[in-house]
Amino acid sequence: AAAPPTFVPAKYINSPESELFVKGKVLFRRPALTDGWTDAVEAGDGVDGDGTNLQNDAPAVVVEGYFDVIALASIGVTDAVATMGTAISVEQLKMASEGKNRLVLCMD
């Protein structure tokens with residue numbers, strides 16, 4: 001007889017959506033102010049917290065998850081935002097491109 005299949009846990013466990021949390025409408029580390037990327041991150045927001053690294057001439061890099069943003073920041077790529085581990089939505093693309101000339105998508 002064949003051996004029973006081995007249980008392999010999921011790589012990621014996604015949080016459910018709710019009325020307050022809709023994944024397609026959220027970007028991790030999106031600048032909070034409406035004037036776009038330049039100087040938009042106040043102290044305490046984002047990875048580096050001071051807002052000085054978000055440059056308009058650099059492309060916005062859109063990745064899948066917040067660990068990707070953290071990894072990129074650790075090597076100096078500071079203009080990155082992340083979807084919440086879901087397929088990217090038109091709304092997220094619009095948010096990511098505010099104040100930017102280019103977008104770079106890094107999805108696997």
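User: Happy to dig in with you! Where is the place of Gly24 relative to E1, and is Gly24 buried or exposed?
Analyst: Good place to begin, keeping in mind that this is a predicted model. Gly24 sits in the segment before E1. Its relative accessibility is 19%, and the cut-off for buried is under 20%. Because of that 19% value, Gly24 counts as buried.

User: Which residues is Gly24 in contact with, leaving aside its neighbours within four places in sequence?
Analyst: One partner is Ser89, 65 residues apart from Gly24 along the chain, with 5.5 Å between the two C-alpha atoms. With neighbours within four places left aside, the contacts of Gly24 are Glu17, Ser89, Glu91 and Gln92.

User: Arg29 is in the segment before strand E1 too. Which backbone oxygen does its side chain reach?
Analyst: Arg29 has a relative accessibility of 10%, so this arginine counts as buried. Its side chain reaches a backbone oxygen at 2.5 Å, and that oxygen belongs to Thr78.

User: Let's move to the overall fold. What pattern does the protein follow along the sequence?
Analyst: The protein has two helices and three strands. Reading these elements along the sequence gives the pattern β-α-β-α-β.

User: In what order do the strands of the open sheet lie?
Analyst: The sheet is open, has three strands and shows parallel pairing, in the order E2-E1-E3. Its edge strands, each pairing on one side only, are E2 (80–82) and E3 (103–106). Neighbouring strands are turned against each other by 25 degrees on average, direction ignored. To answer you directly, the order is E2-E1-E3.

User: How many bridges join E1 to E3, and which residue in E3 is the bridge partner of Val61?
Analyst: On the other pairing, E1 and E2 run parallel and are joined by three bridges, with Val62 opposite Val81 in E2. E1 and E3 also run parallel, and the bridges joining them number four. The partner of Val61 in E3 is Val104.

User: Which residues of E1 point the other way from Ala60 and Val62?
Analyst: In a regular strand, side chains alternate between the two faces of the sheet. In E1, Ala60 and Val62 point one way, and all the residues on both sides of this split are buried. The ones pointing the other way are Val61 and Val63.

User: Which strands does helix H1 touch, and what angle does its direction make with that of E2?
Analyst: H1 covers residues 66–74 and packs on the sheet. The strands touched by H1 are E1 and E2, and its direction makes an angle with that of E2 of about 165 degrees.

User: And across which strands does helix H2 lie?
Analyst: H2 is made of residues 90–97 and runs at about 130 degrees to E3. The cover over its buried residues includes E1, E2 and E3. The strands that H2 lies across are likewise E1, E2 and E3.

User: Why are the buried residues of H2 on the same side of the helix? And which exposed residues does the face turned away carry?
Analyst: The buried residues of H2 are Gln92, Met95 and Ala96. They are on the same side of H2 because they cover an arc of only 95 degrees around the axis. The face turned away from this buried side carries two exposed residues, Val90 and Lys94.

User: What phi does Gly99 take?
Analyst: Gly99 comes just after H2. Its phi is positive, at about 75 degrees.

User: In the loop between E2 and H2, is Ala87 buried or exposed?
Analyst: Ala87 lies in that loop. Its C-alpha is 8.2 Å from that of Glu64, 23 residues away in sequence. With a relative accessibility of 68%, and the exposed cut-off set at over 50%, Ala87 counts as exposed.

User: Ile88 is found in that loop as well. Which residues does it touch, not counting those up to four places away in sequence?
Analyst: Ile88 has 29% relative accessibility, so this isoleucine counts as partly exposed. Its C-alpha lies 9.7 Å from that of Leu105, 17 residues away in sequence. The residues Ile88 touches are Val62, Thr83, Leu93, Leu105 and Met107.

User: Last one: of the 108 residues, what percentage count as buried?
Analyst: The accessible surface of the protein comes to about 7,200 Å², and 59% of that surface belongs to carbon and sulfur atoms. As for the residues themselves, the share of the 108 that count as buried is 28%.

Notes. Residues are numbered from 1 along each chain as its sequence is written. This is a predicted model: local features need pLDDT of at least 70, side-chain atom pairs count only at pLDDT 80 or more; totals for chains, interfaces and linings use all residues. Side-chain values use heavy atoms; hydrogens and water are left out. Buried means under 20% relative accessible area, exposed over 50%, partly exposed in between (1.4 Å probe, protein chains only). A polar contact is a pair of N or O atoms within 3.5 Å; within protein, one must be able to donate a hydrogen and the other to accept it, and residues adjacent in sequence count only if both atoms are side-chain atoms. Two strands pair if DSSP finds at least two bridges between them. Axes are lines fitted to C-alpha atoms, for helices over the stretch in contact, and angles run from 0 to 180 degrees between N-to-C directions. Contact means heavy atoms within 4.5 Å. The arc is that of the directions from the helix axis to the C-beta atoms. Accessible areas come from the Shrake-Rupley method with a 1.4 Å probe; for residues, only the protein chains shown count as cover.
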